[in-house]
Structure formats: structure tokens, C-alpha cells
Amino acid sequence: MPYLIESSILAGHIPTLKGDGFYRQTPANAKNYLMKVIGIETSCDETGIALYDSVSGAMFQRLHSQIKLHAPFGGVVPELASRNHIQRTLPLLDELLSEAGGGKGQIDGIAYTAGPGLIGALLAGAAIARSLAWALNRPAIGIHHMEGHLLAPLLAAGDKPEFPFIALLASGGHTQLIQADRHGCYQMLGQTVDDAAGEAFDKIAKMLGLGYPGGPEVSRLAETGQPGRFKFPRPMVNRKGLDFSFSGLKTFVRNTIASQTEKAQTLDRQTIADICLEFETAVVDSLTIKCRRALRQCNTPRLVIAGGVSANRRLRQKLTEMALQEGGAAYFPPPDLCTDNGAMIAYAGYLRLASGARQGNEISARARWPLTELRPPRQPETEHL
Ligand SMILES: Nc1ncnc2c1ncn2[C@@H]1O[C@H](COP(=O)(O)OP(=O)(O)OP(=O)(O)O)[C@@H](O)[C@H]1O
Ligand SMILES: [Mg+2]
């Protein structure tokens, strides 16, 4: 027997996963009976599948990374990505359902990433999600990839952020400061004018001959770096506003590598570690200064950090300290939910479907899709896709 789910998101309250009464009450206007929502993430080079059970709070997930597939080409090949998503999605879903115990019949709703991302990869996920939903006679909903990232901290154990909050979304394709007034109501405060923070990590790693993705590699080497040997600029911190820029820093690092190579032919391990440390510290300082400014400007105590770069330990530590100094708190996703995954899409889909959002059956996706175009659930959603 399915449960009635209270729709309290519009009142500014985000439910915790377990036991806060979100689905214990039965409001007069509740019209949804969702319990188990599938999430399908295929926006780039990871196939992420998850099943979120809103009653038990359980989240089952599977992830297939295409890193090895694209490695020989030095970057993601869109056509290969789309084909691989088509091959992987349904077998991963079957594996997931057998782990969760039960077949497709237990699914109450399906969420998929509808953008932004690679259009072929998005359409592969959209076609599978919509076909499955049609065959099972269940609702499907297209989710904004960055809203998935933004809501991922709600899946962490312990304290969860309440709206309103400031969100720093720092990933491979985005670096944005968002004022999140409530679920689905987002204002852009600032963003990168060139490279994204994660992209900068990836490019520096490439220059240093490290693997992809660059963030974890640079971060690991930075731990053995000696502070003070190099001094890199902190981009944009002396300029007013909340925008970011990382391309000048990238050029500075390239020049440093060139001058070090001139001196010693090859870079020794300690020099690589020292460069990684100063680069990472420069990025973290720049992000921290802008986040502090945003908290003060918006007079909001809560800071949410999400996207792949939020896995960075130095960033987590610095932002936690800064938010405390500002009298607030910083919230992060669990480490395994910082980069792309199906769980964040399942959860974001659950929140929207449980609040009454419904879309038509057409298979559609958007390669470009500003987060600020989203609206709170309950309003007609088809216009957004
Ligand atoms: N520990 C880390 N420190 C710094 N960067 C990291 C770390 N772990 C991952 N990253 C970076 O995060 C990025 C991947 O994150 P994510 O999967 O969210 O990006 P994406 O989905 O490709 O981009 P977007 O979400 O903007 O579409 C990569 O650029 C990677 O280098
Ligand atoms: Mg992402």
C-alpha cells in the first residue's frame, strides 16, 4: 500500500531522509503516492542509476564511469558517450533492482537528467526513462543536473541545510554562486567568466602529466607539497562582485612549469607537489573569499557546496571554518555524491514528483539550460524543457 507524502517543500521546508514527519502527515491536498523513485544520470561520461525509497530512506545506487573509454582520445567523445549510456543503463538498473529486492513493478516514479550536458548522452537517458515510465504507467520527470548537485547535501548524514541558503556549485563545467531562496527558486549571484574550477584542476593535472580527472590527483599530491616555495595569484579577489576566473591562474602555472623545466629539464616529484599545493590553495582561497562575500551580501548564514570540487578536503575545511566565523554553517554532499551520480537525480526527482510536478510524455533534453529558469514544483513544468 503506497504512502501519502506531505508536500511541505513549498513552505520552505526540505524533508530529511528519515523520521521528520515529512510523510507521516496526510495533508488535504496531497495527491501523490510516491515511495520509490529511480534516478538516471547520463549527462556526460558517467552512467549513474539509483533507487530512492522515501519511506525507509534507503538509497541504492550503481555508477559506471566511461573514463577508460575516452582516455585514448584525450577528452570525452560525445557519440561514444551516448552509445555507452544506451548499453549500460538497463543492465545497471536490473542489477540495482535485484539488490533492492523487487522488480520494475515496485517503481513509483522515474527521474532523469534532462540537461544541461551532452545532448546525445542526455537524450539516451531521456529516451530510456520516458519509455520505461510509459511501459510501467508511472510518471517521469526531467531534472536539471545542477539542481541535482545542489540538493545532494540533503543526502548527507547529520545536519541538513534549510532554505534559504547560498550555494557554491563547483564542478567540471560550472562554478556558480547561487542564492537558493527555496526549492526551485534560484538567483545567480556570480559565476566563472572563463574556466570552471574543476576544469582548471583537470588542465593543471594535464600540464603536470597527471591522470584524469585532475582534481583528486592534484589534491593527493598537494598533501606532500611544501608551502611557500611558489606564490600564485588569487584570481578576481580584488575585484568587486561575485564572479570567478581561473584562466589567468592557469597561465601563471603554465609559465611556472616552463621556467622550472628550463632550469631542471624535468620536474621532480617534490616540485610537482609544491605546484599542486600552491595551485590548490589559490583556488580554495579564491572560492572562500567569494563565498564569504556572498554570505555577507545576502545576510544568509547557510552555505551549501556541491559539484565535483566539493570533494576537495582543503576546500571543505576552509569553507567550514569561514562559515563558522560568519556565524553560520557549511554543508557538503557525502564524498561519493560530489561528482555525478544517480542518487542526486533520484532525490531531486522524488522531491518534485512528490510535490505534484508532472510533465508530458515527450522525450526532450536541453544541452544548455540556466538553473535560474527553474521554478518551484507544482507549476507546469513542460515549458522548462
Ligand atoms: N578532490 C577534488 N578536488 C578538486 N576537484 C575535484 C576533486 N574531485 C573531483 N574534482 C573535479 O570535479 C570535476 C567533476 O565533477 P562533476 O562530475 O560534478 O563535473 P561534471 O558533471 O563533469 O560537470 P557539470 O556538473 O558542471 O556538468 C572534475 O573536474 C574533477 O577534477
Ligand atoms: Mg556534474
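A nonpolar core is taken here as a set of buried Ala, Val, Leu, Ile, Met, Phe, Trp, Tyr and Cys residues joined through C-beta atoms within 7 Å. All of the views below show a predicted model.

**View 1. The largest nonpolar core, set between two domains.** The largest nonpolar core comprises 108 residues. Those with the most contacts inside this core are A111, Y112, A167, L303, A346 and Y347. Helix α8, residues 269-298, supplies the largest share of the core, 13 residues. Residues are contributed both by domain 1 (9-155 + 340-384) and by domain 2 (165-332), so the core lies between the two domains. In soluble globular proteins, nonpolar side chains tend to be buried together.

**View 2. The open sheet containing β1 to β5.** Five strands form an open sheet in the order β3-β2-β1-β4-β5, and their pairing is mixed. Strands β3 (59-65) and β5 occupy the edges; each has a single partner strand, so one side of each is left without a neighbour in the sheet. From one strand to the next, the twist averages 20°. Strand β2 (residues 46-53) runs antiparallel to β3 and is joined to it by seven bridges. Within this pairing, I49 has R62 of β3 as its bridge partner. Helix α2 lies across β1, β2 and β3, and runs at about 30° to β2.

**View 3. Helix α3 and its surroundings.** Helix α3 lies across β1, β4 and β5, running at about 160° to β4. Its 18 residues (119-136) should span 26 Å at 1.5 Å a residue, and the end C-alpha atoms are 25 Å apart, which agrees. The buried residues of α3 are A121, L122, L123, A124, G125, A126, I128, A129, R130, L132 and A133. The elements covering these buried residues include β1 (36-41), α2 (78-100), β4 (109-115) and β5 (140-144). Just after the helix, N137 adopts a positive phi of about 55°.

**View 4. The open sheet containing β6 to β10.** This open sheet has five strands in the order β8-β7-β6-β9-β10, with mixed pairing. Its edges are formed by β8 (185-191) and β10 (329-331); each has a single partner strand, so one side of each is left without a neighbour in the sheet. The twist from one strand to the next averages 25°. Six bridges pair strand β6 (residues 165-170) with strand β7 (residues 175-182) in the antiparallel sense. Helix α9 (residues 313-325) lies across β9 (302-306) and β10, and runs at about 145° to β10.

**View 5. The contacts of A167.** The bridge partner of A167 in β7 is I178. Apart from neighbours within four places in sequence, A167 is in contact with L150, I178, A180, V304 and A306. A167 is also among the residues with the most contacts inside the largest nonpolar core.

**View 6. C276 in helix α8.** Residue C276 lies in helix α8. C276 has 26 C-beta neighbours inside 10 Å, and a residue is buried if 20 or more lie within that distance, so C276 counts as buried. When neighbours within four places in sequence are left aside, C276 is in contact with V218, L221, A222 and G225. For one of these, G225, the separation from C276 is 51 residues in sequence and 7.1 Å in space, C-alpha to C-alpha.

How values were computed: Residues are numbered from 1 along each chain as its sequence is written. Chains are lettered from A and ligands numbered from 1 in the order in which they are written. This is a predicted model: local features need pLDDT of at least 70, side-chain atom pairs count only at pLDDT 80 or more; totals for chains, interfaces and linings use all residues. Two strands pair if DSSP finds at least two bridges between them. Helices (H or I, at least four residues) and strands (E, at least two) are DSSP runs, numbered from the N terminus. Axes are lines fitted to C-alpha atoms, for helices over the stretch in contact, and angles run from 0 to 180 degrees between N-to-C directions. Two residues are in contact if their C-beta atoms, placed from the backbone, lie within 7 Å. A residue is buried if 20 or more other C-beta atoms lie within 10 Å of its own, exposed if 12 or fewer, and partly exposed in between; C-beta atoms are placed from the backbone. Domain bounds come from an automatic or database domain assignment. The expected span of a helix is 1.5 Å times one less than its number of residues.
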